[in-house]
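Here is a short report on one protein model, written for a first look. Keep the structure open beside the text.

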Amino acid sequence: MTRTIEAKGFSIPAVGLGTWMLRGRDCARLVEQAIRVGYRHIDTAQMYDNEREVGEGVRASGKRSEVIVTTKVQPSLLAPHDLERSVKESLARLRLDHIDLLLIHWPNPRVPLSETLGAMAKMKQAGYARALGVSNFTVALLDEANKVTGEPLVCNQIECHPFLDQHKVIAACRKHAMAVIAYSPIARGGARGNDTLERIGKAHGKTGAQVSLRYLVQQGIAVIPRTSRVERLEENFSVSDFALSDTEMAEIAALARRGGRVVDWSWSPKWD
Ligand SMILES: NC(=O)c1ccc[n+]([C@@H]2O[C@H](COP(=O)([O-])OP(=O)(O)OC[C@H]3O[C@@H](n4cnc5c(N)ncnc54)[C@H](OP(=O)(O)O)[C@@H]3O)[C@@H](O)[C@H]2O)c1
């Protein structure tokens, strides 16, 4: 049983499955298998073009009621009418009767945040989503969002791993009582083979990837590692049976460096 991160009365399983790039039958099979391994948190997005297969895997698991399914509204669809239509379309693709966690995928400066959040609140009140959150929000945007939202925002999903210093945005999430969900939590595979992470892992009988995940979970951050390999599902899920010492945590924190991002922001909508 994995621990959960609590935020405003909503429970988020600490270890979830990321699904970006997973497609077709392999995606459905992997999601179903992950739930069999014990995952109870599956992350998709309109942009991933796999909501259909993610829903198929969740339904095939027979454990729909236990699983938190997250999807994210793409930035070009944040105007209220577009958002409402797109959420209904997401549900039709997922073939589920509700989304557990509905997020704004990336902010879009061309649409007033209050309008987007108003439409999100409407979707929640109509039963399309159980909880709402954001992704890729900066400190300033978190302040604004929490000021204008009519419904609680339970999380900010951000890039987070040992090679990136996110302490400012994490502190802002804590200030607003929001959970942090770490995407790219093993730095797109970069945690594997890192000398420090592997050495610390060896002392615990764990891999560098597991140390990266444990480092985050131990700080109360949820993680959503992705793998396309069934055999790695178990590895990425098994991070609750060991603990890192304060010295190890400090050593890992020292790996953060400028330019540590693995996700390219250059495509995202720009502020004028
Ligand atoms: N909100 C956003 O804007 C946003 C942005 C990016 C990602 N996300 C979400 O976060 C999820 C995770 O992030 P991500 O996919 O960018 O990166 P990630 O989970 O950090 O890394 C995935 C990569 O690591 C490899 N990997 C997985 N487990 C491993 C292990 N135990 N040892 C070594 N390598 C391993 C995978 O290869 P194999 O397939 O070969 O295992 C894959 O190439 C995404 O899938 C998506 O759901 C959200």
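Glutamate 159 is buried, at 1% relative accessibility. The model is a predicted one. Glutamate 159 belongs to strand E8, residues 153–159. Its salt-bridge partner is arginine 261, with the closest N and O atoms 3.7 Å apart. Arginine 261 sits in the segment after helix H10 (246–253), so this pair ties together parts that are 102 residues apart in sequence. The arginine end is partly exposed, with a relative accessible area of 36%. Elsewhere, Arg64, Asp100 and Arg130 are joined into one network by salt bridges that share partners.

**Salt bridges**

How many salt bridges does a search of the whole structure find? The count is 15. Three of them are set out here, including the pair already described.

| Pair | Closest N to O distance |
|---|---|
| Arginine 93 and glutamate 51 | 2.8 Å |
| Aspartate 82 and arginine 85 | 3.4 Å |
| Arginine 261 and glutamate 159 | 3.7 Å |

Take the pair of arginine 93 and glutamate 51, whose side chains meet in a salt bridge. Arginine 93 lies in helix H3 (residues 80–94) and glutamate 51 in helix H2 (residues 51–61), so the bridge ties together parts that are 42 residues apart in sequence. Glutamate 51 is buried, with a relative accessible area of 2%. Arginine 93 counts as partly exposed, at 25% relative accessibility.

The bridge between aspartate 82 and arginine 85 stays within helix H3. These two residues are three apart, about one turn of the helix. Both ends have some exposure. Aspartate 82 is partly exposed at 22% relative accessible area, and arginine 85 is partly exposed at 38%.

**Strand E9 and its neighbours**

Is strand E9 (residues 179–183) mostly covered or mostly open? It is mostly covered, as five of its five residues are buried. In a regular strand, side chains alternate between the two faces of the sheet. In E9, Ala179, Ile181 and Tyr183 point one way. Val180 and Ala182 point the other way. All of these residues are buried.

E9 pairs with E8 in the parallel sense, over five bridges. Tyrosine 183 in E9 stands opposite glutamate 159. From E8 the chain crosses through helix H6 (residues 167–175) to reach E9. This β-α-β crossover is right-handed.

E9 also pairs with strand E10 (residues 222–223), again in the parallel sense, over two bridges. Which residue of E10 is the bridge partner of alanine 182? That partner is valine 223.

**Cysteines**

A disulfide is a covalent bond between the sulfur atoms of two cysteines. A search of the whole structure finds zero disulfides. Cysteine 160 is in none, and the nearest cysteine sulfur, that of cysteine 173, lies 9.2 Å away. Why does that distance rule out a disulfide? The two sulfur atoms would have to be within 2.5 Å, so a separation of 9.2 Å does not qualify. Cysteine 173 is in no disulfide either. For cysteine 173, the nearest cysteine sulfur is that of cysteine 155, 8.5 Å away. Cysteine 160 is buried, with a relative accessible area of 3%. Cysteine 173 is buried too, at 0%.

**The largest pocket**

Rolling a probe the size of a water molecule over the atoms shows where empty space is left. The largest pocket holds about 740 Å³ of space. How many residues line it? The lining has 36 residues. Those nearest the centre of the pocket are Trp20, Ser184, Arg188, Arg226 and Val263. Helix H8 (208–217) and helix H9 (230–237) each supply at least two residues of the lining. H9 gives the largest share, three residues.

**Two positive phi angles**

Two loop residues close the tour. Arginine 95 has a positive phi of about 55°, although it is not a glycine. Arginine 95 is placed in the loop between H3 and strand E6 (99–104). At 58% relative accessibility, arginine 95 counts as exposed.

Alanine 177 also has a positive phi of about 55°, and it is not a glycine. Where is alanine 177 found? Its place is the loop between H6 and E9. Alanine 177 counts as partly exposed, at 44% relative accessibility.

Key: Residues numbered from 1 in each chain as written. Predicted model: local features only at pLDDT ≥ 70, side-chain atom pairs only at ≥ 80, totals over all residues. Heavy atoms only, no water. Salt bridge = Lys/Arg side-chain N within 4 Å of Asp/Glu carboxyl O. Helix = DSSP H or I, 4+ residues; strand = E, 2+ residues; numbered from the N terminus. Buried < 20%, exposed > 50% of the residue type's maximum accessible area, 1.4 Å probe, protein only. Pairing = 2+ DSSP bridges. Right-handed = clockwise from strand over helix to strand, strands pointing away. 1 Å grid on protein atoms, 1.4 Å probe; cavity = no way out; pocket = protein on both sides within 12 Å on 5 of 7 lines; lining within 4 Å. Points joined across faces, edges and corners; volume = space filled by probe spheres on them.
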